[in-house]
Structure formats: structure tokens, C-alpha cells
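Reader: I am new to this structure and would like a close look at one part of it, the largest pocket. Could you take me through what surrounds it, step by step?

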Amino acid sequence: STSIATTSYEPFTEETAIAYIEKLNQKLGLFPAPSLLICKEIGDGNLNYVFHLSDSLSGQSLIIKQALPYAKVVGESWPLTLRRAKIEAEALQKAAETVPSLVPNVIHTDDDLAITVMEDLSDYTILRKGLIDGETYPNLGRHIGTYLAKTIFHSSPFGENQQEIKEISVRFTNPELCKITEDLVFTDPFFDHDTNDFEDHLKDTVNELWKNEELKLEAAKLKYIFLTKSEALIHGDLHTGSVFVTAEETKVIDPEFAFYGPAGFDLGLFIANILLNTISKTAIDEQQHSDLYQTIIETVEVFKEEYKKLWQNHHVEAFIQTEGYVDYMLGTIFEDAVGFAGCELIRRIIGLAHVADIDNISDCQKRLYAQQNALQLGSTFIIKRRNIRTIDQLIQETKDVLK
Ligand code: SR1
Ligand code: MG
């Protein structure tokens with residue numbers, strides 16, 4: 001990281017972002033001289049600013065992502081560490097060691113200003129938007145399955161030296177961002193908490209859910225797993241707003257929630273967000289459903305295949321050849337993933353942060369139906385996760401709820 005700032009942290013405006021890049025350009029030669037930079041703030045996420053800078057003379061462009069000292073979605077009343085910018089940049093750089101084609105290239109970081117300058121992916125679409133628009137992505141499952149297998153395996157005690165893991169996990173200690181997930185995913189939606197945000201027409205369903213002690217016990221166990229299971233360096237927020245796509249390519253972005261956590265968490269979030277899109281299309285188009293199921297199936301199958309290959313070829317663990325060990329690991333990762341997917345499905349309906357796939361259903365009856373399906377499917381995943389051993393069983397459970 002190089003600081004070229006003359007002052008301490010300040011949120012950029014479009015003008016100060018240009019001034020910063022002009023200075024950086026003199027050091028790094030980002031754009032050919034002469035250049036004429038223009039800038040637009042394009043961030044539509046919950047937490048950060050995103051500036052798009054382009055040189056109108058050469059046509060070249062880049063992105064500056066800047067963390068704000070609070071959560072943009074709530075406002076200044078919710079302070080949030082700027083250190084997340086450093087964690088995000090370092091997580092992207094770490095992922096680039098194993099899956100360079102599946103993450104954006106980091107060009108420059110500045111810890112004082114909490115910024116990351118990176119490759120512009122404007123030719124890409126945010127996956128959530130693409131799916132809402134009915135686009136299909138035939139390579140997506142393969143790419144995400146590969147991303148998950150490689151990032152998880154290489155940061156786990158099966159693919160990385162134990163001493164190194166201890167060092168890395170200190171760099172990726174991320175208590176404030178983990179607390180957001182602990183509260184918004186694993187706690188508040190299961191109680192009558194004031195951060196929750198759901199429609200009046202769901203009151204009865206939600207009240208029933210809050211009284212479901214079996215569900216709450218299993219949610220509590222999943223929260224405990226999230227709090228304690230330090231298996232691998234995970235992305236920590238792998239929903240469909242954290243993935244950029246074109247017809248052929250996939251890039252995983254936004255790992256500001258990264259930490260050493262449960263290996264099934266990213267897979268669970270990804271599956272849940274594909275399913276939220278599936279649920280939003282209930283009874284509209286069979287083909288769209290089967291394309292989405294296919295993406296989930298491929299994600300899991302490729303994840304398992306790639307993980308097994310790595311297990312055989314790159315191990316640093318004495319028990320690696322012991323019969324049944326890899327299947328045990330993959331089994332527990334999948335079981336956790338199913339439970340985490342359940343929590344994600346529920347929190348996107350009851351909790352603070354929703355998804356456009358469901359919220360944008362304009363017909364109130366259809367929206368209610370989709371919301372109830374998500375809650376029912378989420379509860380099923382959480383309670384029955386030990387019996388959902390395969391991806392085919394998970395798809396069948398989904399079809400049973402959506403029929
Ligand atoms: C206050 S942040 C709300 C949500 O946005 C992020 O993307 C995470 O999913 C978080 O839970
Ligand atoms: Mg994000």
C-alpha cells in the first residue's frame with residue numbers, strides 16, 4: 001500500500017477522486033499522457049462509495065472503492081471500521097494467488113483513505129441484476145465451484161502450512177463485519193428485533209417463525225458454528241451482488257467481510273441467493289428454474305471435484321490418504337452450507353437487508369407468496385440439513401416447497 005494523501009481520511013467527492021488519481025497517475029503511469037479524467041460515483045451497495053474514473057482521451061478506465069466510516073445503508077448512526085478496505089484489498093490479492101481470473105486486479109491501495117484502486121469491470125453486469133433480467137450464465141456454476149474449492153482448500157490446514165494459517169488469520173481478524181453477519185443473518189431475524197424490516201402482510205407467518213423453538217435451536221447452532229469454526233479464509237458475503245458476470249466470465253468482488261470462518265458459509269450464501277431468484281420466478285418459466293437449478297448443481301459438483309483433486313495433489317496433512325476423510329470434510333461443509341443457506345433465505349425476507357429479486361415483484365400477492373416460500377424453504381434447510389446430504393436432495397426439497 002502506498003499513501004499519496006496529504007491529509008488524513010476524508011470521503012472522496014468526484015472532484016477529489018480525480019485529483020487523487022491524477023497524482024497517482026504521475027507515479028504509476030496509469031493513463032497515457034495527456035489524459036482528461038472524468039469521474040462518476042456509481043456505488044449501489046450498502047456500505048461504500050464506488051467511483052468510476054475514465055480518461056476521455058484514451059478511453060481507459062478504473063474503479064476506486066472507498067469505505068465510509070459508517071454503513072451507507074443506515075447512515076452515520078452506524079459507525080463501521082475503515083479497516084475493512086484493507087481487508088477487502090488483501091482478500092482480493094490473496095484470492096488472486098489461486099484464482100486470478102476470477103477476481104478483479106488490484107492496482108493500488110491506500111490505507112489512510114480506505115481506498116482500493118482496481119480494474120474497471122464496467123463491461124460486466126452484477127449477477128443479481130442479470131438474473132432478475134432473466135439472463136443465463138452457463139459458466140457461472142463452474143466458475144464459482146472452482147473459486148470456492150481453490151480459495152477454501154488453499155487457506156485450510158489441508159492446503160496451507162499451519163504456522164502460515166495462524167499468521168494469515170490474524171491479518172484477517174474482522175470483528176466488526178463479523179458482528180454485522182452475527183446480528184443480521186444469525187440473530188435478529190429470529191427475534192422481534194428493531195433492525196428487522198418486513199411487510200405487514202407477513203406478520204402472522206413471522207410470528208409463527210419466532211415461536212418455532214426447533215428452528216431457533218438449530219439457528220442457534222448455526223450461529224455458534226459461524227462464531228467458532230475457523231476452517232478457511234472465506235469471502236464472507238458471497239451473495240449475487242458480490243459477483244460480476246458477462247456471458248462467459250465471472251469475477252467475485254467485495255470481500256470486505258473476509259475472515260477465517262466456516263468453509264460452508266460462502267457456498268450456502270451463494271446457493272441461497274440463486275434460490276431467492278428462483279423463488280421470485282415461481283410458476284413463470286420452467287426453463288428459467290431448471291437453468292438456475294443447474295447452476296447450483298454445477299457449483300456444488302465442481303466444488304467437490306476440484307476440492308478432491310486438490311486434496312490428492314497438494315496436501316500438507318498426514319491423514320490425507322485416510323479412507324473416508326475427504327468425504328467427511330465435504331459432508332460437513334455441505335451440511336453447514338445448507339444450514340447457512342437457510343439463514344440467508346430467512347434474513348433476506350425478515351431482516352434489515354433485502355434482495356431486489358423479491359422486493360421488486362410488483363404484484364403484492366405474488367410477492368407475499370415468494371416471501372412465504374423463502375421463509376418455508378429457509379426453515380426446511382435449517383431444520384433438515386443433516387438429512388439433505390446431496391445437491392439432488394437440496395433441489396428436491398426446493399421443488400417440494402415451490403410446487
Ligand atoms: C449493514 S450491511 C447489510 C448487508 O449488506 C452486506 O452486503 C451484507 O450482506 C450485510 O449483511
Ligand atoms: Mg458487499
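Author: What follows is a walk around the largest pocket and then to the parts beside it. The model is a predicted one, and the space in its largest pocket comes to about 1300 Å³. Around that space stand 50 lining residues, and those that lie nearest the centre of the pocket are Asp44, Gly45, Ile126, Gly241 and Asp254. By kind, the lining divides into 24 nonpolar, 13 polar and 13 charged residues.

Several helices and strands take part, each with at least two residues in the lining: the strands are β2 (48-55), β3 (61-67), β7 (115-119) and β8 (125-126), while the helices are α3 (127-132), α6 (175-184), α11 (325-350) and α12 (356-359). Because residues of the lining come both from domain 1 (14-119) and from domain 2 (125-402), the pocket lies between these two domains.

Of the elements just named, β8 also belongs to an open sheet of three strands, in which the order is β8-β10-β11 and the pairing is antiparallel. In this sheet β8 and β11 (250-252) are the edge strands, each of them pairing on one side only. Strand β10 (residues 243-245) is joined to β11 by three bridges, and valine 245 has threonine 250 of β11 opposite it.

Helix α11, which also helps to line the pocket, has a part in the largest nonpolar core, a set of 91 residues in which Tyr307 and Leu394 have the most contacts. To this core α11 gives the most, with 14 residues, and at least three residues are drawn from each of domain 1 (14-119) and domain 2 (125-402).

Definitions and conventions. Residues numbered from 1 in each chain as written. Chains lettered and ligands numbered in written order. Predicted model: local features only at pLDDT ≥ 70, side-chain atom pairs only at ≥ 80, totals over all residues. Heavy atoms only, no water. 1 Å grid on protein atoms, 1.4 Å probe; cavity = no way out; pocket = protein on both sides within 12 Å on 5 of 7 lines; lining within 4 Å. Points joined across faces, edges and corners; volume = space filled by probe spheres on them. Helix = DSSP H or I, 4+ residues; strand = E, 2+ residues; numbered from the N terminus. Nonpolar A, V, L, I, M, F, W, Y, C, P; charged D, E, K, R; others polar. Domains from an automatic or database assignment. Pairing = 2+ DSSP bridges. Core = buried A, V, L, I, M, F, W, Y, C linked by side-chain atoms within 4.5 Å. Buried < 20%, exposed > 50% of the residue type's maximum accessible area, 1.4 Å probe, protein only.
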